[in-house]
Amino acid sequence: MKLRRLAALALCGVMALSALPAGALAARREKMNADDMDIPAILEDTQAGGTVNVYHWWTAGGEKDAIESVVDGFKDVYGKIKAKSNAIPGGAGGAMVMKVKVLQQAGKSPETFQAHPGQEIEPYLNSDLLLSLDQVWEYADLSARALPGIETLCTASDGSKYIVPIGIHKTNVIFYNIHVFEKYGVAIPDHENITWDEFFSICDQLAAAMPDGEYPLDLGDRKGWPACQVFEDIMLGTDPQIYEDFINGNYSVEDVTAVLSTYARMMDYVAPDHSSRDWYEASGQVVAGTYAMQIMGAWMQPLLTSMGQVYGEDYGVFTFPGTDGWFGMCIDGFVVSNDSADVGSGVRWAYNVSTPEVQAAFSALKESISPYSDTPDDTYCALTLKFKNELTAEGTKVYPSFTHGTALPWSASTSLQTQIQEFATSTDHDAAYFANKIVNILKEAGVKGAWNLVD
Ligand code: BGC
């Protein structure tokens, strides 16, 4: 696995978390500083009471069970602390950022909330709203336990860690329904790393064979992010250098036009009402056979499992065309507010998600790759183990997702999601027109990164 950053996270447009009304300021609690806290003593105090409000966005089948198992299991370690699950639906974290902002302004910061490392958490740091978890990393020996590259991605621009990772998913995946291919006599390639030509040939064959109302592909982009994730996959699959330049803010209208032209070609095969469904509803329709394929991160696996689908029998995966040898990286983790009602319980939660016991239970249900090397391989189902082996293989290159918070600031990422969803739902898919709009978003957000993915 290879991923280097030349410098600490680059600084980009900052969400104005600090613009608080006066009343809200009065309601805010005092901020705790980790340097003044004896974190090991807090973690070892298993008799402490309290409440930890856990905010997360895992509401789809499979992922919901995974987080609820961690919430339920918390009492096995900290029996006197009440862990409360608060689900903010939407996926990918966009709704979470807004929700947390409102809670913080009302003086009701959650003890802990789900986040992706990287740019997504920088605005909270700029407003001094997160507790440093350096002592948790030290206590739980996370630097030694983390898979290569993970610590770097979890280190903030000031050199500290504010997040404890819980799971990893690959983003450059196409899921397909084996029975649909069989039903319409479309041969399934004997390799997962299909080329662009193979992909479009499969789309052509399916489109020719499927009746009205059934389609080769669906996006499920009622929330904009699934459309944006397809955009980032196409971008990497077009040319990794374009991706690197894009997240570094070296945008080029021509490059983005090239990416969107491929996207426009792909839209010929997508169900026209794609934006009327959420990603998990689209997955349900893939299972039902209405759509043959869905481009989605590997978190679609537990959803399929929850619908009784078996990898290799009912569904298969392709590596997104052009991205063979690359692993699109989406890391989930938990951060801790420094001004909640029970900061200590927040710290205990963050620590707890990293323990080998929780990692084994959570990774099995979420079908995610554990960020820690001591999680045994027999934890994983066949597909997750395959992805884990890809991630850790010598020579695999990693690219950080910008749809899932790591590589672009939210100010850019949320506007991008809106524009790309608009592009996907427009009738003419005008690549040059939308490329200009997209480049302007990056310009306005002042995106300036220092990622080195390609060399
Ligand atoms: C998260 C995944 C999650 C998906 C859909 C992504 O942002 O990283 O863990 O399953 O959103 O909710």
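# A walk through the chain

Leaving aside neighbours within four places in sequence, Thr257 is in contact with Ala431, Ala432 and Ala435. This is a predicted model. Thr257 sits in helix 13, which covers residues 253-267. Its relative accessibility is 18%, so Thr257 counts as buried, the cut-off being under 20%.

The partners of Thr257 lead on to the other end of this path. Helix 20 spans residues 431-445. Just before that helix comes a loop, and His429 lies in it, between helix 19 (410-425) and helix 20. His429 has a phi near 45 degrees, a positive value in a residue other than glycine. Most residues other than glycine have a negative phi. His429 counts as buried, at 15% relative accessibility.

Asp128 also has a positive phi, near 55 degrees, and is not a glycine. Asp128 is found in the loop between helix 5 (122-126) and helix 6 (134-139). How accessible is Asp128? Its relative accessibility is 44%, and Asp128 counts as partly exposed.

Now step back to the whole chain. It has 20 helices and 12 strands. Its radius of gyration is 21 Å, close to the 23 Å that the globule rule gives for 455 residues, so the chain is as compact as a globular protein of that length. Along the principal axes, the C-alpha atoms fill a box of roughly 65 × 45 × 40 Å.

How much of the chain is buried? Of the 455 residues, 60% count as buried. The chain exposes about 16,100 Å². Carbon and sulfur atoms supply 50% of that area. Contacts span long stretches of sequence too. Take the contacts between residues at least 6 apart in sequence: 82% of them join residues at least 24 apart.

Helix 16 shows burial at the level of one element. This helix runs over residues 343-352 and is mostly covered. Of its 10 residues, 10 are buried. The list starts with Val343, Gly344, Ser345, Gly346 and Val347. Arg348, Trp349, Ala350, Tyr351 and Asn352 complete it.

Next come the charges. The chain has 30 positive and 59 negative side chains. The centres of the two sets lie 7 Å apart. The structure holds 13 salt bridges. Three of them are followed here in turn.

Begin with Lys161 and Glu151. Their side chains meet in a salt bridge, at 2.8 Å from N to O. Lys161 lies in the loop between helix 8 (150-153) and strand 5 (163-170), while Glu151 lies in helix 8, so the pair ties together parts that are 10 residues apart in sequence. Lys161 is buried, with a relative accessible area of 10%. Glu151 is partly exposed, at 25%.

The second bridge joins Lys386 and Glu192. Here the N to O distance is 2.5 Å. Lys386 lies in helix 18 (residues 382-392), and Glu192 lies in the loop between helix 9 (178-183) and helix 10 (196-209), so this pair ties together parts that are 194 residues apart in sequence. Lys386 is partly exposed, with a relative accessible area of 23%. Glu192 is partly exposed as well, at 24%.

Which residues are linked with Lys386 and Glu192 in a network of salt bridges? Lys170 and Glu390 are. The network thus named holds Lys170, Glu192, Lys386 and Glu390.

The third bridge joins Arg222 and Glu281, at 2.8 Å from N to O. This pair links distant parts of the chain, 59 residues apart. Arg222 is in the loop between strand 7 (215-218) and helix 11 (225-238). Glu281 is in helix 14, residues 279-288. Arg222 counts as partly exposed, at 39% relative accessibility. Glu281 counts as partly exposed too, at 32%.

Technical notes
Residues are numbered from 1 along each chain as its sequence is written. This is a predicted model: local features need pLDDT of at least 70, side-chain atom pairs count only at pLDDT 80 or more; totals for chains, interfaces and linings use all residues. Side-chain values use heavy atoms; hydrogens and water are left out. Helices (H or I, at least four residues) and strands (E, at least two) are DSSP runs, numbered from the N terminus. The radius of gyration is taken over C-alpha atoms; the globule rule is 2.2 Å times the number of residues to the power 0.38. Buried means under 20% relative accessible area, exposed over 50%, partly exposed in between (1.4 Å probe, protein chains only). Contact means heavy atoms within 4.5 Å. Accessible areas come from the Shrake-Rupley method with a 1.4 Å probe; for residues, only the protein chains shown count as cover. Lys and Arg count as positive and Asp and Glu as negative; His and the chain ends are not counted. The place of a charge is taken as NZ of Lys, CZ of Arg, CG of Asp or CD of Glu. A salt bridge is a side-chain nitrogen of Lys or Arg within 4 Å of a carboxyl oxygen of Asp or Glu.
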